[in-house]
Amino acid sequence: MVDVAAKRGFFTALAEYLKPAPLAALALGISSGFPFTMIAATLASWLADENIDIKAVTAFALVLLPYNAKFLWAWIIEGVRIPVLHRMGRRVSWMLVAGLLVIAAVINLAMNPPSEGLAATAFAALLVGIAGATYDIVIDGYRIELLKPEQLGIGSGMSQYGWRIGNGVAGALALILAEAYDWPTAYIACSAFALFGMVTALVMGEPEREPAEVKKAGGPGLVQSIVGPFLDFFTRSGAWLVLAFILVHKIGDTLANLTLRPFFKELGFTKTEIAVYDVGIGWWALMIGIFVGGVVYARLGMKRAVFLSLVLMAISNLSFAGLAVVGNNVWAMAAAVGFENFASGIGGVAVVAYFSALCDLRFTAAQFALISAAASVAGRVLTALSAGDLIKIVGFVDFYLLTTAAALPGIALYWWMLRTGFVDESVGREA
C-alpha cells in the first residue's frame, strides 16, 4: 500500500525544484559549464588527436587560469554600468554582454586549430577562458541573488545539474561532431550553449533580493566595488582559515580530472567510447549524485554534507588508479567515471551551497568570484607545471594514488573547522 504522506512529501519536495528561481539556476548552469569544457577536456581531446605531446597537453591547463583570476576584474561587473543596456538592469545587461563575448571567443578558437600553430590555439583558448570566467562572475552573482536563503541547497543542486549538462552535453556533442565532421564545426555548434544564460536573464529580469542600497544606486560605487568585497570577507572571524580550506580542498580532484582525456587516449579508448562511457555514463551518475546530494543535504545539514562529500571525492580518485591497472576495459572505465561523477554530484550540492552562503548580497558576484577562483587554482597550476612530467616518471597508477593523498589536507582542515565553529562563523549576513 502506498504511503500517502510519503507520496505527498515527495511531490512537495519536487515542487521546490520546479519553482522559477531553481529552474533559472539550471539554465544558468548550462551556460556556465560549456565554455569550461571547450578549453579543458574537449580541447585536450583535440590536441591529442593532433598527436601533441602529453606534457604540452597538460600545460594547456594554464588557459583555465582566468577562472582562478576572475576576482581581479569582478569589480567591473559590480561597479560599472553598461551604456544604454544598464536600463535593463545591472545583472541582465552584463549577462547579455558576457554571453556574446563567450560566443565570439569560442568561434575564434574554432578558427585557430592546433595544426596551424599551438601558440595561436593557446591564445584563442585563453580568450575563451577570460570570456567564460567573466560569464561565470555574472552568472554566479545573478544566481545567488535570485535564490532565497532557503533555496540555496536546491539552487546549488540545480546549478550543478545545469553545469554538468552544459559541460557533458557540449563535450559529447563536440566529440560526435568532430568525428562526423571536424573540430572547428564542433566548436562553432557548441557556442550556442551561451544562449541559455542570456535568455534566462531576459525572462527572469533583475533579481529582487539585491539590497535596497544597491538597487537605489544601480550598483556599488566604483571604490566600494573594488575594496568592499575583500574588506567584508577578510574581516570575518576565521576568514583566512576558510580561504586556506577553499585553496586546498580540491587539489586532488582537479589534478585527476584535468588529466583524464590523455589518460583515456593512452589506454586506447576511442572518441566514441569516451563520449558514451565518460561523458554519457558519467553524466547520468552525476545526475544521480546530485539528487542523492540533495537528500544528504536535507538530512545531514550543510556542514556534515560537505564533510561527507570531501571524503567521497577523495576516494573517487582511487578508482582511476584501479582503471590504470585494469587497462582498456569499458566496464572498468564506466565504473571509475560513474563513481567519480556520483561523488562530485554530492559534493556539488553541499560545497557550492556553502560557498554561496559565504557571500554578502552587496558583493555576490565579486565574492563568489574570489571563492570559486581560489577553489581550484592550486590544482590547475600543479597540473600545468608538473602533472605531465610526474605521469612520465611514476605512471598513471601512482599518479592517481598521489591525487588521492593530495585530497587529505582539505578533509583534515574542514574537520578542524567544524570542531572549532569556524564554519558557522564564516557565512555571510544574509545566509
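This passage walks through helix packing, a salt bridge, a cavity and a pocket in one structure. The model is a predicted one.

Helix packing makes a handy starting point. Two packed helices are described by the angle between their axes and by the distance between those axes. Take helix H9, residues 152–180, and helix H17, residues 271–300: they pack at an angle of about 175°, and their axes sit 10 Å apart. Angles over 145 degrees count as roughly antiparallel, so H9 is roughly antiparallel to H17. The list of residues that meet here is a long read, so here are some of them. On the H9 side the contact includes Gly153, Gly157, Tyr161, Arg164, Gly168, Ala172 and Glu179. On the H17 side, Lys271, Ala275, Trp283, Met287, Phe291 and Tyr297 are among the residues taking part. Sorted by class, the residues of this contact between H9 and H17 come out as 14 nonpolar, five polar and three charged.

A second helix pair involves H7, residues 90–110, and H10, residues 183–190. Here too the packing angle is about 175°, with the axes 8 Å apart. H7 and H10 are therefore roughly antiparallel to each other. From H7, the contact draws on Val106, Ile107, Leu109 and Ala110, while H10 brings in Pro184, Tyr187 and Ile188. What kinds of residues make up the contact of H7 with H10? The tally is seven nonpolar, no polar and no charged.

H7 also turns up in a charged pairing. The structure holds six salt bridges, and one of them joins Arg91 to Glu78. In this pair the closest N and O atoms are 3.0 Å apart. Arg91 belongs to helix H7, whereas Glu78 belongs to helix H6 (residues 74–79). The two partners are 13 residues apart, and the pair links distant parts of the chain.

Next come the empty spaces. Searching the whole structure turns up three cavities of 30 Å³ or more. The second largest cavity has a volume of about 70 Å³. Its lining is made of His249, Lys250, Gly252, Asp253, Leu310, Met313, Ala314, Ala407, Gly410 and Ile411. Helices H15 (251–257), H18 (302–326) and H21 (408–420) are the elements that give two or more residues to this lining. Which helix gives the largest share of the lining of the second largest cavity? That is H18, with three residues. By class, the lining of this cavity splits into five nonpolar, three polar and two charged residues.

Pockets are worth a look as well. The second largest pocket holds about 290 Å³ of space. It is lined by 14 residues, and the closest to its centre are Ala21, Leu146, Lys148, Gln151 and Glu208. Helix H2 (20–39) and helix H8 (118–146) each supply at least two residues of the lining of this pocket. As for the classes, the pocket lining has eight charged, five nonpolar and one polar residue.

How values were computed: Residues numbered from 1 in each chain as written. Predicted model: local features only at pLDDT ≥ 70, side-chain atom pairs only at ≥ 80, totals over all residues. Heavy atoms only, no water. 1 Å grid on protein atoms, 1.4 Å probe; cavity = no way out; pocket = protein on both sides within 12 Å on 5 of 7 lines; lining within 4 Å. Points joined across faces, edges and corners; volume = space filled by probe spheres on them. Helix = DSSP H or I, 4+ residues; strand = E, 2+ residues; numbered from the N terminus. Nonpolar A, V, L, I, M, F, W, Y, C, P; charged D, E, K, R; others polar. Axes fitted to C-alpha atoms, helices over the stretch in contact; angles between N-to-C directions. Parallel < 35°, antiparallel > 145°, perpendicular 65-115°, else oblique. Contact = heavy atoms within 4.5 Å. Salt bridge = Lys/Arg side-chain N within 4 Å of Asp/Glu carboxyl O.
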